[in-house]
Structures are given as C-alpha cells and as structure tokens.
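Work through the exercises below with the sequence and the coordinates at hand. Each task is followed by a solution in steps.

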Amino acid sequence: MKTPLQIGVTGGIGSGKSVVCAVFASLGIPVYAADERAKWLTEHDPILKADIQRVLGSNAYDVVGRYNRVWVASQVFADPALLAALNAVIHPRVLADTAAWVNEQANKPYVVKEAALMKAAGSGNSLDRVIVVQAPVSLRIERIRKRDPQRSEAEIQQIIDRQISDAERTQLADYVIENDESQLLLPQIIRLHDLFSQQVSN
C-alpha cells in the first residue's frame, strides 16, 4: 500500500501555522493536529489514561474522568523528570495514533502534520519535509493579544521565550512560509501544494 508524503508544519505561537494548515485542508489535504489530538487522547484513550495515572496518580483525572490539565501542569511545571515521564507515555500513543491515521489516507498525494514541537525531517520521525511558518515576534504578540485578550504581553513573551528560537526552527525547515503580512500567504501555500502533488505523481 502506497503511503502519502508526510509534511510537517511547525512555527512559534502566533506565527499562523494553524491558518496555513486550514488552507491545506481547504485544498483537500488531510491535516493531523498533533497537539489537539494528544489532548483528545488523554481524555479518551484507556491505555493512555491508565499510564498517566500510573505516572501522576489518581488526581490526574477528576471524578467524571476528565483530564485535570491545570493540576497536571502545576505538578510538572517545576519537575523536569516528571514532565519527561509524562511525555514518555503520551508520545508513543500519539505516534501510534498518527501512524494509523496516515494509513487511512493512502489515496491522498500527501498529508500534513501540525505540531508546535518538531524535529527535522528524517530525524527519528516519519516526516518527508518540514515547513516552518514565520512571522516577526512583534506581530506574533499582537495576534495573540487579539486572540487571547486575557494574556498580558509579558505572559506571551514568556511563552515565546520557552519555545525554541526562530533561528533554531529555521534549521529544521525544508521550506519557510513567511506570514509577516508584507507578502501574500496563499501563493506560498499553493506553490508548495503543487510541488508536493507533483513529487507524488512523478
């Protein structure tokens, strides 16, 4: 069975990677939102729920079985070892879920995986290419302030500082999409769409 090309899309908070992925989806390309899917799995995957409770204890879920996100964040925030243990049970389940999802898309020329954290294509992952979405930090802060008015500028800057730098992200990139409002976004995406579609047909 032919597997589609796997294209990773990443970018810092406020860069617009979700907008880029929405355009790919409107072109008929399946998009796997890894971060959203991981959240879903923590609530609905019985194996993962059991593993999380083994790592963090019964407080990880409330009385009706919902993932206690705020409590979990408070536990792992200052404990790197506990965070690593939690990620060690979440990541394999997300990888298995992704692989099953890719197999369902066998008739598509390529698929897109969206994630905040990503390695370069081929670095211990199944990605064939990585797209990095970029925008100036000032513009990213402005976008997040509009989207999440409850967040202060200092809070947003802290989130940006915790993420990898733009320079580090660019090193992962096979392609860069500039979402800086000085150039049109759509032609950049269409060009890549045509390129990936042709690579499959060749």
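The exercises cover helix geometry, helix packing, aromatic pairs and a few single residues.

The model is predicted, so local features need pLDDT of at least 70 and side-chain atom pairs count only at pLDDT 80 or more, while totals for chains, interfaces and linings use all residues. Residues are numbered from 1 along each chain as its sequence is written, and side-chain values use heavy atoms, with hydrogens and water left out.

**Exercise 1. Helix α5**

Compare the expected span of helix α5 with the distance between its end C-alpha atoms, then list its buried residues and the elements they pack against.

Solution.
- Step 1: Helices (H or I, at least four residues) and strands (E, at least two) are DSSP runs, numbered from the N terminus. Helix α5 covers residues 80-103, which is 24 residues.
- Step 2: The expected span is 1.5 Å times one less than the number of residues. For α5 this gives 34 Å, and the end C-alpha atoms are 34 Å apart, so the two values agree.
- Step 3: Buried means under 20% relative accessible area, exposed over 50%, and partly exposed in between (1.4 Å probe, protein chains only). In α5 the buried residues are Leu86, Val89, Ile90, Val94, Asp97, Thr98, Trp101 and Val102.
- Step 4: An α-helix has 3.6 residues a turn, so residues three or four places apart point the same way.
- Step 5: The buried residues of α5 pack against the strands β1 (5-10), β2 (31-33) and β3 (110-114), and against the helices α2 (34-44), α3 (46-56) and α4 (69-76). Contact here means heavy atoms within 4.5 Å.

**Exercise 2. Two helix pairs**

Classify the packing of α4 with α5 and of α2 with α3, and name the residues that meet in each pair.

Solution.
- Step 1: Axes are lines fitted to C-alpha atoms, for helices over the stretch in contact, and angles run from 0 to 180 degrees between N-to-C directions. Angles under 35 degrees count as roughly parallel, over 145 as roughly antiparallel, 65 to 115 as roughly perpendicular and the rest as oblique.
- Step 2: The α4 and α5 axes cross at roughly 130° and come within 7 Å. Helix α4 is therefore oblique to α5.
- Step 3: From α4, Val72, Gln75 and Val76 meet Pro80, Leu82, Leu83 and Leu86 of α5.
- Step 4: The axes of α2 and α3 are 6 Å apart, at an angle of about 80°. These two helices are therefore roughly perpendicular.
- Step 5: Leu41, Thr42, Glu43 and His44 of α2 meet Pro46, Leu48, Lys49 and Ile52 of α3.
- Step 6: Pro46, in helix α3, counts as exposed at 63% relative accessibility.

**Exercise 3. Aromatic rings**

How many aromatic pairs are there, and which residues do ring pairs link into a cluster?

Solution.
- Step 1: Rings of Phe, Tyr and Trp (its six-membered ring) pair if their centres lie within 6.5 Å; planes under 30 degrees apart count as stacked, over 60 as edge-to-face and the rest as tilted. The count is 5 aromatic pairs.
- Step 2: Tyr61 and Tyr67 have ring centres 5.4 Å apart and planes at 50°, so this pair is tilted. Tyr61 is buried at 7% relative accessible area, and Tyr67 is buried at 10%.
- Step 3: For Tyr175 and Phe196 the ring centres are 5.6 Å apart and the planes are at 70°, so this pair is edge-to-face. Tyr175 lies in strand β5 (residues 175-178) and Phe196 in helix α9 (residues 185-201), so the pair ties together parts 21 residues apart in sequence.
- Step 4: Tyr175 is buried at 18%, and Phe196 is buried at 0%.
- Step 5: The cluster linked by ring pairs consists of Phe24, Tyr110, Tyr175 and Phe196.

**Exercise 4. Single residues**

Describe the backbone and exposure of Glu181, then the surroundings of Asp166.

Solution.
- Step 1: Glu181 is in the loop between β5 and α9 and is exposed, with a relative accessible area of 61%.
- Step 2: Its phi is near 70°, a positive value in a residue other than glycine. Most residues other than glycine have a negative phi.
- Step 3: Asp166 lies in helix α8 and is partly exposed at 27%.
- Step 4: Leaving aside neighbours within four places in sequence, Asp166 is in contact with Gln134, Ala135, Val137 and Arg140.
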